[in-house]
Amino acid sequence: MNENVVQTTLSQSFVTESGHRFEQADVSFKTWGKLNRSKTNVIVICHALTGNIHADEWFPGFFNEHGLVQTDEHFVICINVPGSCYGSIGPLSVNPDTGKPFLAGFPPITIRDMVRFQQQVLDDLNIQGIETVIGGSMGGMQALEFAAMDSRVRSAIPMAMGKCHTPWAIGISHVQRQSIFNDPNWHGGYYKPDSSPDRGLSNARMMAMLSYRAPGDYESKFGRKLQPDTSLFQVESYLNYQGKKLVDRFDANSYITLTRAMDTHDISRGRGTFEETLAQISIPILVVGIDTDLLYPVAEQRELARLLQAGEFGEIESVHGHDAFLIEFEQLNRLTTEFFNQFRSEVL
């Protein structure tokens, strides 16, 4: 599949919306396929909150003969966003002023910062055209901002999000962050030595899993069954496992940074009303919603598609809730390939 993992630094300094300048900005990204001569056969995949550059592992259904991604035709790239803990600048990066990791001192990041960071990577690769940008949840927020910010983008497929982060979603993220802050072993960005770390992050993840899935999914998976040889319900055991699993692979400071970045998502910020802002985006955009999504209800995607100048709405029917954009690839491939094929011949 001609894939390539790259760990490098941006050729130019990176400045956040808050004004912090990174003179040397580390970046991690992964590519599949080859650039064509005009460097226009590009698909950008934007990862979600705790995602990484290995889109072929968490978006596997798009990387097959029936999927949106055809690596013999496309040059596909997935870039780790700033604020994460998977190779790009983030709270675990060393602050050159102190010689120690930034931790809680890492500057605030916005969704637009994530897009500008990725734009600098694409500029370094001399990318001239982007056939489409696709992502779900936090990745969908980036895809929508890409459509507003980058003239190279010819289409976009944002999934499972809306025109802004609603009070409902902000509140859910706030409660998760409070779980981290209220961990008795947490002290301003680090854990006490010799403590059992990340209890707060584990609890935050368990809370998140309740909004990522839907009641029918939990009912069919677990019902009221008990875990063998314990007094725990199976759903309790499952949530405990999901909490520990995230702790083993993610950083609490990155979780705080990125959930706060998601709270900044507002396509109209500094641009006018939502109607004015979205009507100015002229490229074709497929907005995908999930009928059982509790975190970003499907009405948000319907509204976004309606306000866009060339917006289309596609709905996934699934018992899985918000996480369906990582699961229902048969439906997703049907929607995305039909949309993509409508205009791709004109793009090329």
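**Exercise 1.** Which residue stands opposite P158 in β10? Place strand β10 among its neighbours in this predicted model.

*Solution.* Begin with the pairing partner: the residue opposite P158 in β10 is G135. Next, take the strands as wholes: strand β9, which covers residues 130–136, runs parallel to β10, and four bridges join the two. The connection comes next, since β9, helix α3 (residues 138–149) and β10 make a β-α-β unit that is right-handed. Then turn to the other pairing of β10, with strand β13 (residues 285–290), which is also in the parallel sense and extends over two bridges; here A156 stands opposite I285 in β13. Finally, consider the two faces of β10, residues 156–159. In a regular strand, side chains alternate between the two faces of the sheet. On one side of β10 lie A156 and P158, on the other I157 and M159, and all of these are buried, which leaves both faces covered.

**Exercise 2.** How many disulfides does a search of the whole structure find? Examine C78 and C85 in turn.

*Solution.* The search of the whole structure finds zero disulfides. For C78, the nearest cysteine sulfur is that of C46, at 7.5 Å, and C78 is in no disulfide; a pair would need its sulfur atoms within 2.5 Å. C78 counts as buried because its relative accessibility is 0%. For C85, the closest cysteine sulfur is in C78, and because the distance is 14 Å, the two are too far apart for a bond. C85 likewise counts as buried, because its relative accessibility is 19% and the cut-off lies at 20%.

**Exercise 3.** Which residues of the largest nonpolar core touch the most other members? Follow one of them outward.

*Solution.* The largest nonpolar core holds 74 residues, and those touching the most other members are V44, I77 and Y255. Taking V44, and setting aside neighbours within four places in sequence, one finds contacts with I77, Q118, L122, I130, T132, V133, I134 and F146. Another core lies apart from the largest one and has 28 residues, including L68, I134, F325 and F339.

**Exercise 4.** What is the geometry of the aromatic pair formed by F102 and F106?

*Solution.* A pair of aromatic rings is described by the distance of the centres and the angle of the planes. The count for the structure comes to 15 aromatic pairs. In the pair of F102 and F106, the rings are 5.5 Å apart centre to centre with 85° between the planes, an edge-to-face arrangement. Both F102 and F106 are buried. Elsewhere, W58, F59, F62, F325 and F329 form one aromatic cluster.

How values were computed
Residues are numbered from 1 along each chain as its sequence is written. This is a predicted model: local features need pLDDT of at least 70, side-chain atom pairs count only at pLDDT 80 or more; totals for chains, interfaces and linings use all residues. Side-chain values use heavy atoms; hydrogens and water are left out. Buried means under 20% relative accessible area, exposed over 50%, partly exposed in between (1.4 Å probe, protein chains only). Two strands pair if DSSP finds at least two bridges between them. A crossover is right-handed if, with the strands pointing away from the viewer, the path from the first strand over the helix to the second runs clockwise. A nonpolar core is a set of buried Ala, Val, Leu, Ile, Met, Phe, Trp, Tyr and Cys residues joined through side-chain atoms within 4.5 Å. Contact means heavy atoms within 4.5 Å. Rings of Phe, Tyr and Trp (its six-membered ring) pair if their centres lie within 6.5 Å; planes under 30 degrees apart count as stacked, over 60 as edge-to-face and the rest as tilted.
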